[in-house]
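This report describes one protein model for a reader who has not seen it before. It goes from the overall fold to two single residues.

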Amino acid sequence: MNLFSALTDHLAPADVFLETSDRLWTFGDIVELSSVIGGGLVAAGVGAGDRVVVVLEKSAYAVALYLACLRIGAIFVPLNPAYTASEISYFVGDAKPAVVVATEPWPDMTTLILNRNGSGTLLQADHRFDTVVDRTPTDIAALLYTSGTTGEPKGAMLTHGCLLENARTLFEIWQWQPDDVLLHALPIFHVHGLFVALHCALLGGSRVVFLDRFDSDTVRDFLPSATVMMGVPTYYTRLLTNPAFGPSDCVNMRLFISGSAPLSEAAFFAFRSRTGHTILERYGMTEAGMICSNPYDGERLAGTVGFPLPRYLLRVADGHDQALPAGEVGILQIQGPSLFGGYWKRPEQTAESFTSDGYFRTGDLARSDTDGRISLLGRSHDLIVTGGFNVYPKEVERVLNEVPGVVESAVVGAPDADLGEIPVAFVVGDCEEAALRTHADRHLARYKQPRRYEFLDAIPRNAMGKVQKSHLRSRESDPGMFF
Ligand code: MLC
Ligand code: AMP
């Protein structure tokens with residue numbers, strides 16, 4: 001088997017797949033490009049099982065590159081192009097790719113250039129790879145980096161088998177229709193935009209309005225031609241802050257799906273009263289794909305993420321990995337066929353992330369109702385989710401602590417009406433805020449950089465010496481609502 005075949009064998013080559021700002025791409029165009037790109041990768045020495053690190057803006061070529069990696073059996077490693085050079089060098093050092101695909105040469109690495117218009121060294125007409133390399137379900141298709149409490153990103157090994165299982169499940173439970181048109185404004189270096197959205201569209205042979213980024217005016221322009229939209233909660237709150245947004249934008253819509261971060265009850269109800277549509281909230285994570293979803297046909301409840309997906313086992317556990325009764329809050333643990341194959345080259349951290357009886361520890365605090373509906377109540381550690389991107393405070397603190405004069409720092413999430421949360425830094429020491437900002441700008445992608453800095457005499461700690469982040473969080477006020 002190969003995920004490539006499962007996603008593409010049934011497609012009609014002449015049907016339109018991606019509608020980008022400058023042209024229409026048929027399925028045939030993208031599959032053809034995957035052969036040429038596959039040939040370029042193989043000619044550069046990429047073999048089955050080799051990693052291909054990809055640092056590209058969203059484009060039809062980037063989609064074809066993903067399919068090309070599947071086709072040749074290579075491992076696709078997408079990175080946020082907004083990362084700084086020091087962030088990228090960590091991933092390159094860890095993944096040890098055979099090549100990097102980017103718009104500029106990467107130091108000391110074979111770099112294949114792929115510009116937004118397809119120009120560059122990767123796409124050469126005299127290279128082709130038309131076959132599809134056979135893979136087993138446990139072979140790795142992609143490495144997606146995600147961090148734990150240590151703040152050091154780990155590559156989640158996503159296999160051909162787990163990605164296909166999750167894609168087929170979502171296609172089924174969201175009742176994908178033959179004439180669905182997907183509005184796609186998400187980035188394609190994370191699970192949400194790359195797998196959840198594109199795999200459903202490929203399985204359905206659906207047309208995709210493929211926008212470079214989310215912008216509420218552009219989304220409004222294209223919504224009337226779409227039937228399904230997937231987004232992070234910020235997309236929905238930004239649409240709601242646009243006074244012109246209303247039912248006439250949604251005339252053909254079948255389904256609005258939200259995930260990656262909590263959708264506030266206020267946004268859920270405001271969206272329903274503005275448009276008549278009830279957003280379907282689902283929950284997932286890089287290591288597991290999608291885990292829970294509100295029902296397509298049954299009642300979608302605000303503030304809950306619905307029921308476990310078919311074939312997933314969930315339990316809300318106490319500190320000893322024992323299941324808690326319905327109604328009690330504990331750590332969500334899961335078992336199921338779309339779980340990842342472990343962390344790249346980190347057997348110990350992989351082992352720690354599973355219980356002795358094989359459940360994966362999500363790190364999310366949850367409660368199950370008596371009917372099995374799951375509500376999330378936050379993280380068991382200090383993860384900040386800003387606009388659907390995860391920020392690990394330890395990574396930011398480590399960068400701030402490098403600034404001369406800083407004694408220590410603590411970074412927490414402050415509520416924000418637009419992005420859900422934003423990072424805020426508390427710093428002890430003798431330095432200028434400008435020095436902190438400059439250093440953070442050099443070493444951290446913009447979304448990880450603290451929006452505010454506050455200087456303290458001491459970071460509050462409990463008797464055990466542990467930083468009391470809840471005290472710091474409570475210093476930050478409520479965001480208020482835009483609508
Ligand atoms: C951009 N910026 C952010 C940011 N995105 N800052 C904090 N959090 C973010 N998420 C920075 C920009 O660099 C810019 O900096 C400034 O904030 C304002 O930019 P903007 O124009 O308002 O941002 P925009 O480009 O509109 O991006 C916001 C966004 C985007 C919410 C539309 O971040 C986005 O598309 N997020 C989706 C994330 C996602 O796909 N998550 C899925 C993870 S998978 P400056 O300096 O220029 O002002 C997962 C599993 C699952 O979690 O369950 O799905
Ligand atoms: P990532 O590691 O980037 O895949 O992010 C996964 C995390 O996003 C999960 O562990 C949750 O904490 C969070 N998440 C995803 N979907 C939701 C949701 N619907 N509600 C609340 N949190 C969510």
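Helices and strands are here DSSP runs, a helix having at least four residues and a strand at least two, numbered from the N terminus. The model is predicted. By that count, the protein holds 13 helices and 24 strands.

**Overall form**

The C-alpha atoms occupy a box of roughly 65 × 55 × 50 Å along the principal axes. For 483 residues, a compact globule would have a radius of gyration near 23 Å, and the 22 Å of the protein agrees with this. Of the 483 residues, 57% count as buried. Among contacts with a separation of 6 or more, 66% join residues 24 or more positions apart.

**Surface and charge**

About 19200 Å² of the protein is exposed, and carbon and sulfur atoms supply 51% of that area. There are 40 positive and 56 negative side chains; the centres of the two sets lie 1 Å apart.

**Two residues with positive phi**

Most residues other than glycine have a negative phi. Lys96 has a positive value although it is not a glycine, and Ser260 is also a residue other than glycine with a positive phi.

| Residue | Phi | Loop between | Relative accessible area |
|---|---|---|---|
| Lys96 | about 45° | helix H4 (85-95) and strand S5 (99-102) | 51% |
| Ser260 | near 85° | strand S12 (255-258) and helix H9 (265-275) | 29% |

Exposed means over 50% relative accessible area, and partly exposed lies between 20% and that value. Lys96 is therefore exposed at 51%, whereas Ser260, at 29%, counts as partly exposed.

Conventions:
Residues numbered from 1 in each chain as written. Chains lettered and ligands numbered in written order. Predicted model: local features only at pLDDT ≥ 70, side-chain atom pairs only at ≥ 80, totals over all residues. Heavy atoms only, no water. Rg over C-alpha atoms; globule rule 2.2 N^0.38 Å. Buried < 20%, exposed > 50% of the residue type's maximum accessible area, 1.4 Å probe, protein only. Contact = heavy atoms within 4.5 Å. Areas by Shrake-Rupley, 256 points an atom, 1.4 Å probe, with all protein chains shown as cover. Lys, Arg positive; Asp, Glu negative; His and termini not counted. Charge placed at Lys NZ, Arg CZ, Asp CG, Glu CD.
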